[in-house]
Amino acid sequence: MPELPEVETSRRGIEPWVAGQRIVRAEVRNARLRWPVSGEIIALRDALVVSVQRRAKYLLLELDPGWIIIHLGMSGSLRVLPQPQPPEKHDHVDLIMSNGCIIRYTDPRRFGAWLWSDDLKTSRVLSQLGPEPLSDEFNGQWLFDKSRNKRTQIKPWLMDNKLVVGVGNIYASESLFVAGILPVRPAGSITVAEAELLVRTIKAVLLRSIEQGGTTLRDFLQSDGKPGYFAQELQVYGRDGESCRVCGTPIQTVRLGQRSSFFCPHCQH
């Protein structure tokens, strides 16, 4: 599943082609995604794109009449086509832009979403989200305060979007490794110093991944059709049984919250 850096990479990829342009029309070939494509999107004609933003893993196109909310789901991707190309089987939505390009949404599993909102504050998919991980609101003291009396294991706790958005499975595993914290520890066991280190680490890992274009996953492509590159630097994720790059101890894995969690039993405590 595309995570926050992949979505931010997609945002940056399409922004120069979309912001300040007009959506001439939307061509929806298959409206049956996770939720049906909103009728307001299907009916769009000559709408100015004021800005291209991101909230958690949602792309937000601010238009003069409202907002398009896009989620890439399990396998979705956006591409910029400088000129028309015949759609393929899984190309479900096109935005025909006034500059002649096409923003094409491809989603083999059809678990993404294209929704409309008149007001983001009342959006059912955005209203309950926690702070952005790269914001000042997400800081060590805040995380420490939230962790008090929490018996939940820290890895799935970090992945709760009501706590903080966008710290998905890959980046939670990587951040906990860099911070030296075992994923099975109760969230309430971390100290103030550990909380501050973990926040700094999460921000650094996410920023590094954004700079490199996101994590290479089987289904993820950037807006220019190229894969990301962060997977070349993964320390623990997906490396079960391989030697830790720091100490040489075999990486182990454990199931937490129905997700595989990778860690080094020597470097993490």
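**Exercise 1.** In this predicted model, classify Asp64 by its relative accessible area and describe its salt bridge with Arg22.

*Solution.* Asp64 has a relative accessible area of 47% and is therefore partly exposed, since the exposed class begins over 50%. Its side chain meets that of Arg22 in a salt bridge, at 3.7 Å from N to O. The pair links distant parts of the chain: Arg22 belongs to strand E1 (residues 22–28), while Asp64 lies in the loop between strand E3 (58–63) and strand E4 (67–71), 42 residues apart. Arg22 is also partly exposed, at 29%.

**Exercise 2.** Explain how Arg11 and Glu15 are placed along helix H1, and state the wider network they join.

*Solution.* The two residues are 4 apart in helix H1 (residues 4–18), so about one helical turn separates them. They form a salt bridge whose closest N and O atoms are 3.4 Å apart. Arg11 is buried at 13% relative accessible area, whereas Glu15 is partly exposed at 29%. Salt bridges also link both residues into a network with Glu8, Arg12, Arg54, Arg55 and Glu132.

**Exercise 3.** Is Thr201 buried or exposed, and which residues beyond four places in sequence does Thr201 contact?

*Solution.* Thr201 is found in helix H6 (residues 192–211). Its relative accessible area is 5%, so Thr201 is buried, the limit being under 20%. Leaving aside neighbours within four places, Thr201 is in contact with Ser175, Val178 and Ala179. Ser175 is 26 residues away along the chain, yet the C-alpha atoms of Thr201 and Ser175 are separated by 5.7 Å.

Conventions. Residues are numbered from 1 along each chain as its sequence is written. This is a predicted model: local features need pLDDT of at least 70, side-chain atom pairs count only at pLDDT 80 or more; totals for chains, interfaces and linings use all residues. Side-chain values use heavy atoms; hydrogens and water are left out. Buried means under 20% relative accessible area, exposed over 50%, partly exposed in between (1.4 Å probe, protein chains only). Contact means heavy atoms within 4.5 Å. A salt bridge is a side-chain nitrogen of Lys or Arg within 4 Å of a carboxyl oxygen of Asp or Glu.
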